[in-house]
Amino acid sequence: MPETVNKTRLLQVTLAVGVGDYSLANIELAVQMATALDAQVHGLFVEDIDLLQTADLPFSVEITLATAQERRLDMLSIQRSLRAESLQFRENLAQTAERSQVRWSFDTVRGRKIEAGLSGIESTGLMIVGQTLSHRQTPAGTPRKKSIMVFDDETTGLLQVIELVMDLGAAQLVELTVVRSEESGASTLLQALEDKLKNTSNLVLTQLAGYDLESVIKQSAAKPDYIIVSRHQPSEVLRAFLEKSVCPVILVT
Amino acid sequence: MSKHKPLTAEALYHRCSLDQFDFVSTSELTLLEEPLGQNRALEAINFGVDIDQDGFNLFVLGPPGLGKHQLVEEILSRRAAAEPELFDWCYVNNFDNFQKPRVLKLPAGTGLQLRKDMEQLIEDLMTALPSSFQSEEYRTRLQELEDEFNEQQEQTFTKLYEEAKERGVAVMRTPAGYTLAPLIEDELVKPEDFEKLPQKKQEKIEKTIADIQLQLRDVIRDLPLRQREHHKKVKALQKEITQLTIEQLIGWLEHRYEQQKEVRDYIARVKAYVIENAQDFISSDGGVEIENIKQRVSSFHEYQINVLVDNSYSKTAPVIYEDNPTYQNLIGRIEHVAQMGTLLTDFTLIKAGALHRANGGYLILDAHKVLTHAFAWDGLKRALSSHEVKIESLEKMLSLVSTISLEPESIALDVKVVLVGEPLLYYLLKAYDPEFSLLFKVAADFSEDTDRNEESTLLYARMIATLQNRHKINPLDRAGVARVIEQAARLADDGEKLSLRVETLVDLMREAGYWSKKSNSSLIRAEDVETALEKQRYRQDKIREKMQEQITRGIRLIDTEGTKIAQVNGLSVIQLGDYAFGTPSRITATARLGQGKVVDIEREVKLGGHIHSKGVLILSSYLANHYARDCPLPLSASLVFEQSYGMVDGDSASAAELCVLLSALGDIPLKQSLAVTGSISQLGEIQAIGGGNEKIEGYFDICRQRGLTGEQGVIIPAANQVHLMLNQEVRQAVAAEQFCIYTAVHVEDVMELLSGLSRGERDDAGQFPEGSFNWLVQDRIQELQELHRRYSLKEETVSEDENSDA
């Protein structure tokens, strides 16, 4: 079991995104969290090394989402595209942060997003690893229930972040799913949540057992909009979350 | 000349006897219910209003000041009270075509009710629809749809990923889409490693990747179709939710208007439109606070009701008088609002015209105003011909602007139009506008005057009482009434008629009322009326005074005593607005041997009108006929109005012109103390003229200023005697034999009066007795004939000599 830590002040919220993960909603979430925590927000754009290498293959083509047409992929064009995406991300982060009067910083690194997320977690208070699959559909302006999935390992910071995410989504119904390992004992987090949420009709609390993300999501009624997990989980567990998740994963210290 | 007796003072004024009145003041008199002397017009108006046939609109004609408007409004208002079926007219949105708003014809008072009901419906929808879309049921069903869609998508991609992975290919995201990369033992193959692979292996990988590319492309191609399907499903769900909500909210509205098919149809269209556009009611920024909702209701223009004509509080059919009948004020207009430099409009900006307001009733218009406003007359005719009001913006008709405009549905028109105007307009329209006769078939012709007799005088007194009562003027005593009646005769320019220009009379009574109050009298007396008349005259008298001053100072030459050959005083009337005054003019003539032509100098210099020229030609004809029937008239004469620098028209000076010409011919001195007015026929008869009273008074004023001698006077046509309504000063002077008025039936009467010579009768040889003025004229003409004969012989001899020389 990871050690239980006291409620601490988080100094930085990092948003790590890779190719195609860039979304305004993620930026908004990161900035709002930073505002609530009085922390700074840091943007991290990861230029996918695998993609760059693939572009160098002689037969590499790209099939665009907008037109379903093939076009030749080469190193130069992919570099340009990545730079453009990075710049756009930076610009949007800057605008959103400045509008909320939050300090911000930005970095572009070349590598793999999961590795970058996991390696950067030590130096940041809160890491959001952006995951957006473009084929997922959420009609704009449609009111729908937000679903949050929390993997409970008794890390104290979890409660703080859950409260934060729920506060940010207060206007909407929030469904909270708490996942616990089957062999765990009594959960102080669950107890705290039950006490806190008993008067809040908007919230639905569901308790699931197990740590395998795929099976857990299958059991869950709604697909999660956010996954909150402690960084103290073993790295292979975290890697599995990040690889299989289709929504932003918030890594909590 | 005892043969010609001047008129007595009594003959100069048709006095109104007080004996015929048995009241002390007008307050005792029964008021008139019908206007006096307008039976013909009244019958025409009643007929025009009663007849329910096409084109039987009215044209009420008559000069201004007869009370046409008042009477027409009174009659129409009485008639309107018996026609209580009224309607409201509304414009509503046409949900199929915003540019063509629809019309609703509703029972009176329903328009405003419908507007309120629609506002309530919108308010209800604004709270109910967001609630419906936040309901657990909707959220769950939406979630199901989204999950279904996402699951489908994920399954498709997952299947592709797995299949690709099985075949040694990884699917990777790029900034704009997807790419594929070869895998060997689940690891991506680097370019340098790929180069090292055997050719066959490379080809195999490339082929596999090409296969998967095709699959990937198909999946991506299907994405928009799937999204559209999903969107349809979401839309259908939203429609279902909206329909459920609106069915609950609109039921009472449908029930309230179930008897009115038009409204029922409109509500059905509203329902369908709300279902299609439910998203409008689910605003993310509007909130559901009451204040916010109230504000937002007004922004839902498309559901508003534009109550064009509201008859909520009307009990009778409308009687509308449009005093500014521009095209827009008649037909209605479409207003625009400027937004970001662009002019925008919608059906709520359609404004009613007078035709809309008068629909189902009566519309009174001034013909002159309608005709002088651009396109108003055409618009009115078009509406009456087609029996509908179609609002077309003028600027669009003229292609002045090219903004988006509307084509509102036409409104069925059932209106009786009453045009009020002067007779000239009526006859011009009759002559030159063929449509006029088809659309205005009833003419109500107002009389300017009525006969003056004992019966009508008593009715006139009651009319005075009615006007006094209606206009809240102090009552008049008997003498006051009599004086007003005498003034009415003067206004009619006829002692045996009474003017029906009620507005002039009302003004006189108002002014007399003012003076009576000044002298602390509760009744208007004859002296108050007299003061009012004097003051009216004084206020307008400046120009007359100036002209009179010029005569008395000898700047304008007018002799009022002695005799002169070839010079006579004619009389003319100057009309300045509604004030007229007479003034003398010196007329002179010359006569010499010539070719029988009388030159009218005024005409030669184009200062004479056609009627004046006609008078001169008539007197030439009289001269030739009377003195040279069987022989040539070798005369060349000219006539002129001395010191006249403006237009001269009318033939009222033709008698004076003939006399001055005879004087010039026969060297006959004419009395300058007498002035002459009257026109002549070819036979020398003196015919009636207008403005006799003003002419006599004008000449009298000059003579009085110079000193009355008893010789001075005016000769008028005998036919004008009945018209005399001369002022008190003239009458007093005549009574004191200081001034005289003669009447004449023939020009020889005038010559006898002017020359003091007798006319003389022709003997058997056709000669006039020596000493008569006719003898003098004839003698001179014979002299001229002899001269003419001698000159002709001389010319013939000269001509023969020239021929023999040749």
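These legends accompany close-up views of a predicted model.

**View 1. Chain B as a whole.** Welcome to chain B, whose secondary structure comprises 27 helices and 30 strands. Its radius of gyration is 47 Å, well over the 28 Å that the globule rule gives for 806 residues, so chain B is more spread out than a compact globule. Taken along the principal axes, the box filled by its C-alpha atoms is roughly 160 × 95 × 50 Å. Of the 806 residues in chain B, 41% are buried. Among contacts in chain B with a separation of 6 or more, 77% link residues that are 24 or more positions apart.

**View 2. Where chain A touches chain B.** Here 35 residues of chain A are in contact with 36 residues of chain B. On the chain A side, α2 (49-55), β3 (61-64) and α3 (75-99) each contribute at least two residues. Sorted by class, this side of chain A holds 15 nonpolar, 11 polar and 9 charged residues.

**View 3. A strand pairing across the two chains.** Take a closer look at β3(A), which pairs with strand β5 (residues 177-184) of chain B. The two strands run in the antiparallel sense, and 3 bridges join them. To find your bearings, look for A:I63, whose bridge partner in β5(B) is B:Y178.

**View 4. Helix α23 of chain B and the residue after it.** Is this helix buried or exposed? In α23(B), 13 of the 13 residues are buried, so the helix is largely enclosed by the rest of the structure. Its length is easy to check too: at 1.5 Å a residue, the 13 residues of α23 (residues 654-666) should span 18 Å, and the end C-alpha atoms are indeed 18 Å apart, which agrees. Just past the helix comes B:D667, and its phi is positive, near 50 degrees.

**View 5. The two domains of chain A.** The domain assignment divides chain A into domain 1 (8-132) and domain 2 (136-253). Where they meet, 16 residues from domain 1 of chain A and 19 residues from domain 2 of chain A take part in the contact. Which elements of domain 1 each supply at least two residues to the side that touches domain 2? They are α1 (24-37), α4 (113-120) and β6 (126-129) of chain A. The largest share of that side, 5 residues, comes from α1(A). By class, the domain 1 side has 10 nonpolar and 6 polar residues, with no charged ones.

Definitions and conventions: Residues are numbered from 1 along each chain as its sequence is written. Chains are lettered from A and ligands numbered from 1 in the order in which they are written. This is a predicted model: local features need pLDDT of at least 70, side-chain atom pairs count only at pLDDT 80 or more; totals for chains, interfaces and linings use all residues. Helices (H or I, at least four residues) and strands (E, at least two) are DSSP runs, numbered from the N terminus. The radius of gyration is taken over C-alpha atoms; the globule rule is 2.2 Å times the number of residues to the power 0.38. A residue is buried if 20 or more other C-beta atoms lie within 10 Å of its own, exposed if 12 or fewer, and partly exposed in between; C-beta atoms are placed from the backbone. Two residues are in contact if their C-beta atoms, placed from the backbone, lie within 7 Å. Ala, Val, Leu, Ile, Met, Phe, Trp, Tyr, Cys and Pro count as nonpolar, Asp, Glu, Lys and Arg as charged, and the others, Gly among them, as polar. Two strands pair if DSSP finds at least two bridges between them. The expected span of a helix is 1.5 Å times one less than its number of residues. Domain bounds come from an automatic or database domain assignment.
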